[in-house]
Amino acid sequence: MAAEMALLKPISKFANTPRLTNPRAPSRPRFTTIRMSATAQPTAPKKPTEKAKKQAIKETLLAPRFYTTDFDEMEQLFNTEINKNLNQAEFEALLQEFKTDYNQTHFVRNKEFKEAADKIQGPLRQIFVEFLERSCTAEFSGFLLYKELGRRLKKTNPVVAEIFSLMSRDEARHAGFLNKGLSDFNLALDLGFLTKARKYTFFKPKFIFYATYLSEKIGYWRYITIYRHLKENPEYRLYPIFKYFENWCQDENRHGDFFSALMKAQPQFLNDWKAKLWSRFFCLSVYVTMYLNDCQRTAFYEGIGLNTKEFDMHVIIETNRTTARIFPAVLDVENPEFKRKLDRMVVINEKLIAVGETEDIPLVKNLKRIPLIAALASELLAAYLMPPIESGSVDFAEFEPQLVY
Ligand SMILES: [Fe+2]
Ligand SMILES: [Fe+2]
């Protein structure tokens, strides 16, 4: 899972952020926190006498988020007694695939990791750390959600529940691998603290399906695009983790396919005008979040030899094409006007960031933000209202009795 949908939640201003610890400095006070964002770096151990504290840090609009849902409704949706659309044979087949565990022995590290990390210095080191942190948080977010779904659905639908548990296994592996990567930079994300301290965003099951499906598929396209690019241009492979992306992204692809099967089993989430509006809304949120996030971190993408905007547009277009197979409507992202709108949002977002960095008092900052937020909202609305592409899979029709006869 690569949670790229932070725009779906209004800014939650001063939430606790995950704690980064320095595993090489055991004498550090246990509760000292380090900001999770780009500034994280191997800092000098603080004085042992320093008062232990949890630092409240401003969580940005675009930070990766954790999700929770209505588990009772989920239980109902996957109850085979209630929902006759559930194609248990398809889920059984998917379960066998997850049990095969193609990547069981894939995530094995070697000494190249540490050596490569030591060579990454200067501003790129910080941006690399941030990439690992954000990716780890996003993967871990998937782990928590899937683990809970696996637990809660055990009674009503053991097959679906087991798939969720096996997906949480995959995400734990991904998060763990990224966290080990942080140890190469003498850091570690405290995942236990993250679980407790992070704010959870609530989504109804229907929205979890849209958002998670998109998250998995966009994750797949991001990983595979980076992998292919670095295979062609190995001189930019600054850190060995990218070599693992090819098999890794197949996990994300399978996760996305599972959500596709789940949505097919809930045709009411795909076949009416509301579903079309929500589908477009989620596509827009996910694409814009990624674009704005990545444009704030061009140093990372340029550092591995990518053009950030070209990379993002490729990922958006491919994700949109994949999504069009299941969502009843998607955005016309291949219309050049869509990219122009994204680029204007980037400019507005940069101005918003600049306002935040001034020395002004909060009131003045907020006043300065108003026209910018209005401009951003108007661009978002205009992008949302662009003529969409009618899409969707016809194969879920086979679950609808009226079409079978
Ligand atoms: Fe993952
Ligand atoms: Fe995933």
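Let's start at Ala 329, which sits in strand E5 (residues 329-330); helices (H or I, at least four residues) and strands (E, at least two) are DSSP runs, numbered from the N terminus. Ala 329 has a relative accessible area of 1% and is therefore buried, where buried means under 20% relative accessible area, exposed over 50%, and partly exposed in between, using a 1.4 Å probe and protein chains only. Its C-alpha is 6.5 Å in space from that of Pro 388, although 59 residues separate Ala 329 and Pro 388 in sequence.

A bit of housekeeping: this is a predicted model, in which local features need pLDDT of at least 70 and side-chain atom pairs count only at pLDDT 80 or more, while totals for chains, interfaces and linings use all residues. Residues are numbered from 1 along each chain as its sequence is written, chains are lettered from A and ligands numbered from 1 in the order in which they are written, and side-chain values use heavy atoms, with hydrogens and water left out.

Now for the helices. H7 has 28 residues, which should span 40 Å at 1.5 Å a residue, and its end C-alpha atoms are indeed 40 Å apart; the expected span is 1.5 Å times one less than the number of residues. Of those 28 residues, 25 are buried, so H7 is largely enclosed by the rest of the structure. One residue to look at in H7 is Ile 224, which is buried with a relative accessible area of 3%. The C-alpha atoms of Ile 224 and Val 315 are separated by 9.4 Å, with their positions 91 residues apart along the chain.

Helix H9 (residues 273-295) tells a similar story: it has 23 residues and reaches 33 Å from its first C-alpha to its last, close to the 33 Å expected at 1.5 Å a residue. H9 is mostly covered too, with 17 of its 23 residues buried.

On to the rings. The structure holds 46 aromatic pairs. Rings of Phe, Tyr and Trp (its six-membered ring) pair if their centres lie within 6.5 Å; planes under 30 degrees apart count as stacked, over 60 as edge-to-face and the rest as tilted. Take Phe 98 and Phe 258, an edge-to-face pair at 6.4 Å centre to centre with 80° between the planes. This pair links distant parts of the chain, since Phe 98 is in helix H2 (residues 88-100) and Phe 258 in helix H8 (residues 245-264), 160 residues apart. Both Phe 98 and Phe 258 are buried.

Phe 242 and Phe 300 give a tilted pair instead, at 6.5 Å centre to centre and 50° between the planes. Phe 242 lies in the loop between helix H7 (205-232) and H8, and Phe 300 in helix H10 (residues 298-303), so the pair ties together parts that are 58 residues apart in sequence. Phe 242 counts as buried at 1% relative accessibility, and Phe 300 counts as buried at 2%.

Some rings have a charge over the face, meaning that NZ of Lys or CZ of Arg is within 6 Å of the ring centre and within 35 degrees of the ring normal. Arg 280 lies over Tyr 384 in this way, at 4.8 Å from the ring centre, and Arg 198 lies over the face of Phe 66, at 5.6 Å from the ring centre.

Next, the backbone. Most residues other than glycine have a negative phi. Asp 101, however, has a positive phi near 55°; it is placed in the loop between H2 and helix H3 (112-119) and is buried, with a relative accessible area of 11%. Asn 186 also has a positive phi, of about 65°. Asn 186 belongs to the loop between helix H5 (158-184) and strand E3 (188-189), and is buried at 18% relative accessible area.

In helix H3 you'll find Asp 118, which is partly exposed, with a relative accessible area of 40%. Asp 118 and Tyr 239 are 9.8 Å apart, C-alpha to C-alpha, but 121 residues apart in sequence.

Finally, the second largest pocket. A pocket here, on a 1 Å grid over the protein atoms alone, is an open set of points where a 1.4 Å probe fits, with protein on both sides within 12 Å along at least five of seven lines; lining residues have an atom within 4 Å of a point. About 160 Å³ of space lies in this pocket, the volume being the space filled by probe spheres set on the points, which are joined across faces, edges and corners. Its lining includes Tyr 67, Phe 71, Glu 148, Arg 151 and Tyr 200. Strand E2 (66-69) and helix H4 (123-152) are the elements that give two or more residues to the lining, and H4 has the largest share, with five residues.
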